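Me: Please take a close look at one part of this model, the aromatic rings. Start with the overall fold and finish with a few reference positions elsewhere.

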Amino acid sequence: SGFGNLAWAVATSDDKALDLKGQIAAAFAKIDRVLGELGTDRSNLLSVTVFLADIGDKKAFDVEWLSWVGDNPQHWPQRMCIEATLSPGTLVEISVVAARPG
């Protein structure tokens, strides 16, 4: 959803049978779609919270994160990764806030 110059999205994979990499890709795709519908994109991310069912998956998440957000830390939003009890079958849930330019 959006408000003023901000847009936010929360995403998980709809397919809980996917492995971690697949669920991350599905969540990122959903975020890209929602942000696009709200007139912005991942280059305008301000804040990202990543909920992992197993914090041991953080290194694997970071590989996918770099592929999605880019490898220049100066262009990264503020991000935190925390372990959380998620709905059954959900390995990752991602919440983002982005600026809406213009």
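Reply: What follows goes from the whole chain to the rings, and then to single residues.

This is a predicted model: local features need pLDDT of at least 70 and side-chain atom pairs count only at pLDDT 80 or more, while totals for chains, interfaces and linings use all residues. Residues are numbered from 1 along each chain as its sequence is written, and side-chain values use heavy atoms, with hydrogens and water left out.

First, the frame. The protein has 2 helices and 5 strands (DSSP runs numbered from the N terminus: helices are H or I with at least four residues, strands are E with at least two). Along the sequence the order is β-β-α-β-α-β-β. The radius of gyration, taken over C-alpha atoms, is 13 Å, close to the 13 Å from the globule rule for 102 residues, so the protein is as compact as a globular protein of that length. That rule is 2.2 Å times the number of residues to the power 0.38. Along the principal axes, the C-alpha atoms fill a box of roughly 40 × 25 × 20 Å.

Of the 102 residues, 34% are buried (under 20% relative accessible area; exposed is over 50%, partly exposed lies in between; 1.4 Å probe, protein chains only). Contacts mean heavy atoms within 4.5 Å. Among contacts between residues at least 6 apart in sequence, 78% join residues at least 24 apart.

Now the rings. A search of the whole structure finds 4 aromatic pairs. The rings considered are those of Phe, Tyr and Trp (its six-membered ring), and they pair if their centres lie within 6.5 Å; planes under 30 degrees apart are stacked, over 60 edge-to-face, the rest tilted. For Phe 28 and Trp 68, the centres are 4.1 Å apart and the planes are at 0 degrees, so this pair is stacked. The pair links distant parts of the chain. Phe 28 is in helix α1 (residues 20–37), Trp 68 is in helix α2 (residues 58–69), and 40 residues separate them. Both Phe 28 and Trp 68 are buried.

Trp 68 has another partner, Trp 65. Their ring centres lie 6.1 Å apart with planes at 50 degrees, so the Trp 65 and Trp 68 pair is tilted. Both belong to helix α2, 3 residues apart, or about one turn of the helix. Trp 65 counts as buried at 3% relative accessibility. Trp 68 is buried too, at 9%. Phe 61 joins the picture as well: Phe 28, Phe 61, Trp 65 and Trp 68 form one aromatic cluster.

Helix α2 also carries Ser 67. Ser 67 is exposed, at 62% relative accessibility. Its C-alpha atom is 22 Å from that of Glu 37, which is 30 residues away along the chain. From Ser 67 to Thr 12 the C-alpha separation is 18 Å, across 55 residues of chain.

Thr 12 sits in the loop between β2 (6–11) and α1. Thr 12 counts as buried at 17% relative accessibility. Beyond neighbours within four places in sequence, Thr 12 is in contact with Ala 27, Lys 30, Thr 90, Val 92 and Glu 93.

Glu 93 turns up again in the surroundings of Thr 49. Thr 49 belongs to strand β3 (residues 45–52). At 12% relative accessible area, Thr 49 is buried. Leaving out residues up to four places away in sequence, Thr 49 touches Met 80, Glu 93, Ile 94 and Ser 95.

Two loops remain. Thr 40 lies in the loop between α1 and β3. Thr 40 is buried, at 8% relative accessibility. Thr 40 and Pro 101 are 61 residues apart along the chain, yet their C-alpha atoms are separated by 6.9 Å. Setting aside residues up to four places away, Thr 40 touches Ala 7, Leu 35, Ala 98, Ala 99, Arg 100 and Pro 101.

Gly 56 is in the loop between β3 and α2. Gly 56 is exposed, at 58% relative accessibility. The C-alpha atoms of Gly 56 and Ala 7 are 30 Å apart, with these positions 49 residues apart along the chain.
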